[in-house]
Protein chains: 2
Amino acid sequence: MGAEGQDSGLDLAGPSIGTTGEFAVLRQVTARLPQGPGVLVGPGDDAAVVAAPDARVVVTTDVLVEDVHFRRDWSSAYEVGRKAAAQNCADVAAMGARATALVVGLSAPRDLPLDWATGLTDGLRDESARAGASVVGGDMTRGERVVVSVTALGDLEGRAPVLRSGARPGDLVVVAGALGTSAAGLALHLRGDAALLESWAALAAAHRVPVPDYAAGPALARAGATAMLDVSDGLLQDLGHVAAASGVDLVVDAAALEPDLERVGGAAAALGEQGWDWVLGGGEEHALAATLPPGAPLPHGVRVVGRVVAASAGGGVVTVAGLAPVRVVRRGWDHYAR
Amino acid sequence: MGAEGQDSGLDLAGPSIGTTGEFAVLRQVTARLPQGPGVLVGPGDDAAVVAAPDARVVVTTDVLVEDVHFRRDWSSAYEVGRKAAAQNCADVAAMGARATALVVGLSAPRDLPLDWATGLTDGLRDESARAGASVVGGDMTRGERVVVSVTALGDLEGRAPVLRSGARPGDLVVVAGALGTSAAGLALHLRGDAALLESWAALAAAHRVPVPDYAAGPALARAGATAMLDVSDGLLQDLGHVAAASGVDLVVDAAALEPDLERVGGAAAALGEQGWDWVLGGGEEHALAATLPPGAPLPHGVRVVGRVVAASAGGGVVTVAGLAPVRVVRRGWDHYAR
């Protein structure tokens with residue numbers, strides 16, 4: 001179209017994607033992307049072709065917007081790429097599947113440094129590789145802000161997908177991964193105190209680059225998980241989705257989350273915030289939460305944090321047992337909440 | 001993240017996505033999306049699951065940015081949805097495949113009218129249905145400008161994918177669909193003259209909503225197409241991709257494109273522009289261009305527009321034969337070209 005996107009006016013030390021040109025950028029980006037054995041046609045054609053061995057494909061998409069989901073002064077391009085891949089691959093894992101391929105849409109101003117585009121690519125590539133997937137294609141276009149759109153495909157390896165709707169009374173509620181660290185990191189970045197950021201560097205990093213336990217998804221599926229999702233909106237809100245979809249109530253045992261509280265407790269004290277807010281309500285953690293029949297084997301890295309009970313009134317209620325009465329300010333994340 | 005996206009400041013007659021809330025919008029949007037028989041898990045979980053009958057899946061992604069690819073004062077939300085689906089499904093068709101499923105990422109300001117989001121959904125749904133696909137999932141997030149990211153999946157139905165690299169000397173160059181109409185429509189919209197827009201309403205509409213011949217993709221594959229792509233950057237530039245990837249040269253016969261020139265000739269004269277610029281260089285047309293062995297049956301709606309010749313010097317050269325010497329101003333579309 002004819003209308004012009006505006007540049008963001010940054011000074012450049014090196015070439016930008018605008019001065020390099022769309023096709024030259026795509027060539028440089030594509031050259032950084034190794035293709036796994038399941039990729040039958042990689043980047044460079046109208047579309048890619050990926051193996052789907054059991055004749056089904058898992059598909060999920062997530063969009064990251066500059067100054068909404070990341071800030072270029074907080075996160076490197078590499079970290080944004082890691083995070084964009086991670087949140088999509090976590091969704092694939094939460095179905096009990098293994099990620100196979102990603103496609104990426106990048107909208108960016110002309111003056112985006114070429115290094116930023118290649119850094120993003122490297123981050124997408126490395127996190128995809130951690131999940132077992134290849135970046136097989138993409139699209140690049142102009143836009144005022146950087147917007148990274150990722151779609152991930154996955155392979156269920158013959159298993160049934162694990163939905164949100166299968167939890168049954170008597171099941172255990174389990175989690176793979178830490179809770180609250182991303183929210184703690186966000187709070188540290190928002191405060192912007194360099195000394196605090198240094199003291200709690202691991203928490204800050206957890207916000208910039210979540211590190212989901214991808215293997216836990218298929219492992220939980222093999223163990224018989226009756227429901228599963230990834231913790232993207234906050235534990236209580238996400239468990240609420242499971243409870244509502246399954247027509248059950250859930251009881252979370254606060255004592256089981258003490259290690260999470262301890263992990264963020266120092267930062268919470270330093271910032272004058274409540275660690276429980278982060279542990280129970282923090283989004284973008286991308287831990288996996290699931291329900292397992294009692295007696296099912298607990299996969300490596302998976303811990304019990306609660307239990308499924310019969311619905312009190314239609315289901316959907318999540319209760320925290322054993323929690324001292326603290327105020328839970330933010331129970332989750334609505335992109336349009338004020 | 002904590003930073004706030006800004007609203008665009010439009011007055012609203014009805015509810016916006018911000019006042020409605022993310023989850024309520026998603027419920028309303030999802031309720032408008034019927035799911036075809038190949039959808040094993042539809043919207044509402046961490047990911048969808050789609051059938052891939054021949055154990056392969058075609059995947060492609062495209063991003064549409066407000067004021068770069070569409071303008072809300074030119075196009076209705078429904079038209080933007082149609083176009084977003086069309087350009088992705090055309091990429092799937094250009095592999096010789098049938099589109100099966102779409103996922104959609106929408107980034108939008110809080111004050112986007114709810115009607116706009118549902119109109120977009122209806123457009124995506126209807127164009128997907130025209131291609132044989134279902135919209136199976138998506139993501140919605142805040143952003144200053146509307147950005148629509150679509151990923152389409154496709155089924156090769158047991159056939160080999162048709163790449164850009166298989167054209168051989170002696171093959172015919174063929175096209176399914178009109179050329180130049182989208183570029184003519186863009187020029188009419190840029191001029192903004194209401195009387196001209198009314199006189200050439202079909203051309204204006206062709207810019208807002210391309211109507212690819214999806215069936216021609218699989219039909220050309222069955223007919224033995226040796227190379228194929230969709231005309232998104234302009235016929236000469238896109239055929240240049242085929243020529244370069246195949247190591248051949250192509251000769252386009254201008255006489256074969258006279259019907260396209262006639263279709264846009266009146267609008268070109270009225271605007272004082274060159275119709276050939278649009279026919280040979282106009283992007284976003286989403287016609288399919290392919291190469292076919294001589295003697296191959298021509299599928300319905302497919303016409304011969306040229307021939308493949310041996311490479312003069314490495315290949316990649318596209319020549320137009322029989323064209324009176326007119327100036328071809330814009331040979332294609334680079335999102336970062338000045």
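This report covers a sheet shared by two chains, their interface and an annotated site in a predicted model.

## The shared sheet

Six strands form an open sheet with mixed pairing. Their order is β1(A)-β2(A)-β3(B)-β6(B)-β4(B)-β5(B). Strands of a sheet pair through backbone hydrogen bonds, either parallel or antiparallel. The edges are β1 (39-41) of chain A and β5 (134-142) of chain B. Each has a single partner strand, so one side of each lacks a neighbour in the sheet. From one strand to the next, the twist averages 25°.

Strand β4 of chain B spans residues 98-108. Eight bridges link β4(B) to β5(B), and the two run parallel. B:L102 has B:V135, in β5(B), as its bridge partner. Helix α4 (residues 114-131) of chain B lies across β4, β5 and β6 (147-155) of that chain. The helix runs at about 165° to β4(B).

## The interface between chains

Contact between the chains involves 82 residues of chain B and 82 residues of chain A. The size of an interface is often given as the accessible area lost when the parts come together. Here the area buried between chain B and chain A is about 6500 Å². Carbon and sulfur atoms give 58% of that area.

Six salt bridges are counted between chain B and chain A. In one salt bridge, the side chains of B:R164 and A:D45 meet at 3.7 Å, N to O.

## The annotated site

An unreviewed UniProt entry places a "binding site" feature at A:H69, A:E284 and A:W333. A:H69 sits in the loop between β3 (56-65) and α3 (77-93) of chain A. Its relative accessibility is 6%, so A:H69 counts as buried.

Technical notes:
Residues numbered from 1 in each chain as written. Chains lettered and ligands numbered in written order. Predicted model: local features only at pLDDT ≥ 70, side-chain atom pairs only at ≥ 80, totals over all residues. Heavy atoms only, no water. UniProt positions renumbered as here; feature names shortened; annotations may be inferred. Helix = DSSP H or I, 4+ residues; strand = E, 2+ residues; numbered from the N terminus. Buried < 20%, exposed > 50% of the residue type's maximum accessible area, 1.4 Å probe, protein only. Pairing = 2+ DSSP bridges. Axes fitted to C-alpha atoms, helices over the stretch in contact; angles between N-to-C directions. Contact = heavy atoms within 4.5 Å. Buried area = accessible area lost by both parts, 1.4 Å probe. Salt bridge = Lys/Arg side-chain N within 4 Å of Asp/Glu carboxyl O.
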